[in-house]
6 protein chains.
Amino acid sequence: MNDFADRSISALPLPDADDVPEGVRKLWAKSQEAFGFVPNVFVAQAYNGDQFQAWWNYFNLLVNKAGHLTNAERELIGVVVSGLNRCTYCAVSHGAALRFYTEDPVTSDLVGINWRQANLPERESALAAYAEKLTVAPAEVTPSDLEPLRAVGLDDHEILEAIQVIGMFNMSNRVSTAMAMVPNAEYHSQGRGA
Amino acid sequence: MNDFADRSISALPLPDADDVPEGVRKLWAKSQEAFGFVPNVFVAQAYNGDQFQAWWNYFNLLVNKAGHLTNAERELIGVVVSGLNRCTYCAVSHGAALRFYTEDPVTSDLVGINWRQANLPERESALAAYAEKLTVAPAEVTPSDLEPLRAVGLDDHEILEAIQVIGMFNMSNRVSTAMAMVPNAEYHSQGRGA
Amino acid sequence: MNDFADRSISALPLPDADDVPEGVRKLWAKSQEAFGFVPNVFVAQAYNGDQFQAWWNYFNLLVNKAGHLTNAERELIGVVVSGLNRCTYCAVSHGAALRFYTEDPVTSDLVGINWRQANLPERESALAAYAEKLTVAPAEVTPSDLEPLRAVGLDDHEILEAIQVIGMFNMSNRVSTAMAMVPNAEYHSQGRGA
Amino acid sequence: MNDFADRSISALPLPDADDVPEGVRKLWAKSQEAFGFVPNVFVAQAYNGDQFQAWWNYFNLLVNKAGHLTNAERELIGVVVSGLNRCTYCAVSHGAALRFYTEDPVTSDLVGINWRQANLPERESALAAYAEKLTVAPAEVTPSDLEPLRAVGLDDHEILEAIQVIGMFNMSNRVSTAMAMVPNAEYHSQGRGA
Amino acid sequence: MNDFADRSISALPLPDADDVPEGVRKLWAKSQEAFGFVPNVFVAQAYNGDQFQAWWNYFNLLVNKAGHLTNAERELIGVVVSGLNRCTYCAVSHGAALRFYTEDPVTSDLVGINWRQANLPERESALAAYAEKLTVAPAEVTPSDLEPLRAVGLDDHEILEAIQVIGMFNMSNRVSTAMAMVPNAEYHSQGRGA
Amino acid sequence: MNDFADRSISALPLPDADDVPEGVRKLWAKSQEAFGFVPNVFVAQAYNGDQFQAWWNYFNLLVNKAGHLTNAERELIGVVVSGLNRCTYCAVSHGAALRFYTEDPVTSDLVGINWRQANLPERESALAAYAEKLTVAPAEVTPSDLEPLRAVGLDDHEILEAIQVIGMFNMSNRVSTAMAMVPNAEYHSQGRGA
């Protein structure tokens with residue numbers, strides 16, 4: 001059975017629960033229990049089930065689990081990149097995640113529009129500036145662009161993780177946009193304060 | 001021990017063999033045996049070893065293994081996207097892969113420069129055109145851009161795979177460029193004919 | 001007296017209440033009473049007091065008062081243009097206004113990121129598409145670009161008003177950005193529903 | 001009665017004299033007397049009469065009357081911005097105004113094409129450089145871009161006026177282009193010397 | 001002897017008359033006699049004398065002598081391309097040439113700013129549109145872009161000449177800009193009518 | 001007689017041998033003897049025979065004969081510019097020429113994709129950087145951009161030659177693309193080593 005077939009959240013067909021790998025069905029159940037809803041990305045992209053699982057294993061390790069950068073730093077990158085690529089699914093859902101990790105109901109909106117106008121601390125500014133350049137002008141990036149990251153204290157493992165998170169959102173923004181994915185309505189109001 | 005430490009193939013440190021997960025060491029050995037060299041990406045990105053493995057599991061499934069599209073079609077997308085993002089590592093290495101799968105020593109070069117001037121069949125042209133738009137102007141992409149893909153016969157599973165391959169190269173181009181990765185010299189001459 | 005001098009809401013000095021024209025002081029008082037706060041634009045731009053008043057008279061007539069388009073339509077244009085120009089002050093404050101007029105807590109966020117992904121009705125889509133072209137590529141606009149507006153039923157007075165609202169936000173986005181104006185925190189949460 | 005109805009100077013209908021506010025009729029008469037012709041903008045935009053008057057009150061105060069910057073400085077900004085936005089109406093008419101205020105038949109043409117090649121004094125160069133950045137890349141502007149203006153001696157009132165003039169021409173260029181307004185032929189030859 | 005050494009018309013040294021080939025000296029004398037001045041391009045570029053002569057032989061044949069297109073059509077292309085590349089030397093000098101060949105003091109200015117707003121006949125519009133695309137987006141040009149030229153009656157020899165003239169101005173604009181060449185003052189007022 | 005009529009190497013007709021000037025026939029014969037083939041540019045562009053000859057005289061003097069820069073330096077510029085303009089004919093054929101002059105089978109490919117990633121010596125880097133700016137942003141070039149060229153030792157004659165070579169490839173890229181010229185297959189494998 002598939003609760004999603006009546007919702008227009010993708011330009012491609014949604015998979016039936018019978019057609020997805022067992023692991024995907026578990027992910028759906030776990031999300032429903034944890035959040036009260038299943039993020040639309042888990043349904044829409046699961047149309048090619050095995051590829052979705054391989055992507056999710058990578059994304060989840062890179063962006064969500066304990067890593068070199070904090071979760072807030074990785075979500076900041078996600079919001080900057082998603083805003084630049086103008087991807088509604090990712091900008092809205094990771095905007096909510098950034099509000100969650102920072103417990104700040106204002107900065108996430110500003111970063112999604114223009115990090116230069118968000119009064120960020122210098123470490124966050126350096127990450128945002130690098131994320132912007134690597135997103136909009138990858139051909140002009142050279143190792144000298146890493147210097148401002150080192151100047152604010154990032155080590156090489158943190159830098160490599162930042163690079164991959166920037167890369168990842170440049171992938172997922174394009175996939176979400178191409179599929180015309182719609183963000184779950186819940187994301188818009190999460191973390192906006194009392 | 002690590003044979004790579006003396007080669008300048010990355011802006012970040014290269015990992016020692018002792019520092020990478022067992023699976024990475026096996027991948028290095030297998031590559032050496034199969035190709036006579038270890039692709040530099042397997043060394044450079046393995047500096048964050050677990051994240052590298054998760055990426056490679058996904059990339060290998062999506063781009064190399066049996067999928068919905070042919071290997072040549074997926075490499076064609078890779079060359080188009082890598083040329084647009086002007087990433088030397090990916091354009092040179094996947095240019096070689098495209099020559100391998102097509103057994104054509106000429107078209108791969110043309111596609112890497114400008115697919116419009118490569119006299120591609122209509123299915124390949126449709127894939128290349130879509131890859132270009134989703135790469136350079138993701139914010140302008142809508143479901144109507146999928147119509148030309150359907151018109152040349154792609155089904156929804158093939159379309160979703162194409163979208164993810166386009167996304168993947170938009171990720172890996174940025175990672176390779178940011179790390180200043182250098183393509184192995186072997187790629188330049190592979191598949192250029194007698 | 002001036003309550004604003006301690007707040008960093010502009011890259012230029014803030015005016016003392018004594019230095020602004022009487023009409024500006026009345027506007028401040030009226031805003032405080034109506035909204036519970038004075039929009040930062042009323043303070044920051046009033047540094048050149050007479051020019052501010054002339055601007056406000058025009059802006060208020062064009063955007064806020066009864067006109068040819070509905071208030072929601074004019075705010076929709078404002079959010080589209082401000083998102084494209086990546087102006088935090090205008091995107092956040094007019095995003096709140098659009099939520100107010102539409103009583104819709106979701107669409108405003110989507111429009112500010114990418115109107116193509118906001119599932120707009122055809123009249124709103126036509127306005128948004130025209131606003132985007134006139135904002136990002138004014139040199140390529142010709143009278144033929146008005147045809148889609150006429151096709152969804154806009155008459156010539158509505159078209160002229162839409163054009164001027166698009167122009168106005170291209171002005172105010174640049175002024176707000178240049179001055180590094182900061183949106184009042186209240187705007188972020190207004191109209192987000194129960 | 002309306003002398004303009006037979007001239008193709010706008011993509012929208014021209015107003016009858018009976019349909020415009022009294023103040024507009026007076027402006028037409030005054031222009032005819034002063035210049036020997038009525039600038040087409042006074043006719044075309046008056047189709048929405050009250051909004052035109054509010055705009056003109058603001059524009060006239062900001063650009064023409066005594067302000068913080070000289071008239072030549074404000075027209076220089078107007079020509080730079082109008083050239084970048086490729087608006088014929090504004091570039092030609094304000095090109096004539098710049099020749100008038102500078103009594104220089106050559107520099108105005110150069111500035112309209114490329115201020116970098118016009119051999120401007122440093123104050124004018126700083127204004128032109130700032131006008132270009134705020135026009136073509138508003139999202140990248142920060143308060144640090146004001147430093148070169150301060151370095152050539154502009155005070156905060158002059159800076160705010162410059163910002164608003166830049167904003168104004170980004171508005172009026174879009175309005176004139178959208179309406180397909182045609183510059184009065186008289187502007188082309190004004191101020192070109194003996 | 002060399003009359004030019006005291007004039008700042010190039011970022012590079014000006015040649016002495018003794019240092020240029022005999023043909024260049026004759027060209028200078030002939031220009032002085034015909035126009036009352038020597039176009040600055042003849043002096044500045046002659047610093048590498050033989051290369052200048054080879055360029056001039058080609059330019060003069062392609063742009064000035066009897067060809068497949070009229071002189072006015074070739075100058076129209078030159079003005080469109082030079083305006084897009086924002087080259088003052090070429091835009092001003094060929095703007096004068098276009099006024100000369102068309103005996104029209106108005107259209108040349110409009111074309112230099114934005115041909116879309118110059119009310120051009122369809123043949124001239126097709127040439128201008130093609131010149132714009134080949135100038136600003138050469139990578140996107142395909143043979144299908146030639147169809148509008150054929151539709152307004154251009155034959156293959158005319159089309160090839162148009163292509164080469166577009167190419168030529170893309171060359172000469174870059175050379176003139178790189179050298180910071182200054183247009184002779186005479187060009188500004190030529191052909192502006194009684 | 002004309003051996004080329006059966007090959008699709010141009011969007012325009014190919015000339016018959018009888019229709020081209022005597023000098024063109026000699027050039028064809030000389031090429032056939034020297035290279036074993038006639039470069040397609042010599043056939044396709046000769047459709048307007050006299051203009052082709054004037055162009056070739058200039059191109060051959062500027063790019064091929066003894067000049068101020070080495071042949072490798074001029075071909076480097078050609079490959080950089082042709083890669084940026086995404087012209088297959090010029091990028092492939094001059095890529096081969098650069099391999100020939102440098103006797104390096106790797107660097108030419110890298111330069112064609114992204115000179116920043118080709119590990120060039122400082123003189124070649126300075127030339128490549130200047131070629132990129134003058135190609136993609138001519139309106140922003142000023143004499144200050146010549147300083148890095150002087151800093152690596154270029155004299156004024158070398159600088160002028162570099163400028164003209166950059167200009168020339170901006171011309172020939174557009175002509176080759178517009179005509180849809182196809183590179184001779186021989187170029188792809190030339191100079192790739194044992």
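**Reading the chain interfaces**

Mentor: Let's start with who touches whom: in this predicted model, 42 residues of chain A are in contact with 42 residues of chain B.

Trainee: How do I put a size on that? How much area do chain A and chain B bury between them?

Mentor: The size of an interface is often given as the accessible area lost when the parts come together. Here chain A and chain B bury about 4000 Å² between them, and 68% of it sits on carbon and sulfur atoms. On chain A's side, A:Q51, A:M171 and A:R174 supply 18% of the area buried against chain B, more than any other three residues.

Trainee: And the polar side of things? How many salt bridges and how many polar contacts are there between chain A and chain B?

Mentor: The salt-bridge count between chain A and chain B is zero. Polar contact, on the other hand, links ten residue pairs across chain A and chain B, both partners at pLDDT 80 or more.

Trainee: Which elements of chain A give two or more residues to the side that touches chain B?

Mentor: Those are α3 (49-64), α7 (122-136) and α9 (156-178) of chain A. The largest share, 15 residues, comes from α9(A). Sorted by class, that side of chain A has 25 nonpolar, eleven polar and six charged residues.

Trainee: Now chains E and F. What turn lays chain F on chain E?

Mentor: A turn of 180°, with a shift of 0.0 Å along the axis, and the RMSD is 0.0 Å. The two copies are thus related as by a two-fold rotation axis. In chain F, the C-alpha nearest that axis belongs to F:M171, 2.6 Å away from it.

Trainee: Why can we say that these copies meet through the same surface?

Mentor: Because 100% of the interface residues of chain F are also interface residues in chain E. As for contacts, 42 residues of chain F touch 42 residues of chain E. Chain F and chain E bury about 4000 Å² between them, 68% of it on carbon and sulfur atoms. Their salt-bridge count is zero, while ten residue pairs are in polar contact. On chain F's side, α9(F) gives the largest share, 15 residues.

Trainee: One last feature: how many aromatic pairs are there over all chains?

Mentor: A search of the whole structure finds 60. Take B:W55 and B:F59: their ring centres are 5.0 Å apart and their planes are at 35°, so the pair counts as tilted. B:W55 and B:F59 both lie in helix α3 of chain B, four residues apart, about one turn of the helix.

Methods: Residues are numbered from 1 along each chain as its sequence is written. Chains are lettered from A and ligands numbered from 1 in the order in which they are written. This is a predicted model: local features need pLDDT of at least 70, side-chain atom pairs count only at pLDDT 80 or more; totals for chains, interfaces and linings use all residues. Side-chain values use heavy atoms; hydrogens and water are left out. Contact means heavy atoms within 4.5 Å. Buried area is the accessible area (1.4 Å probe) that two parts lose on being put together, summed over both. A salt bridge is a side-chain nitrogen of Lys or Arg within 4 Å of a carboxyl oxygen of Asp or Glu. A polar contact is a pair of N or O atoms within 3.5 Å; within protein, one must be able to donate a hydrogen and the other to accept it, and residues adjacent in sequence count only if both atoms are side-chain atoms. Ala, Val, Leu, Ile, Met, Phe, Trp, Tyr, Cys and Pro count as nonpolar, Asp, Glu, Lys and Arg as charged, and the others, Gly among them, as polar. Copies are superposed by least squares on the C-alpha atoms of residues with pLDDT of at least 70 in both. Rings of Phe, Tyr and Trp (its six-membered ring) pair if their centres lie within 6.5 Å; planes under 30 degrees apart count as stacked, over 60 as edge-to-face and the rest as tilted.
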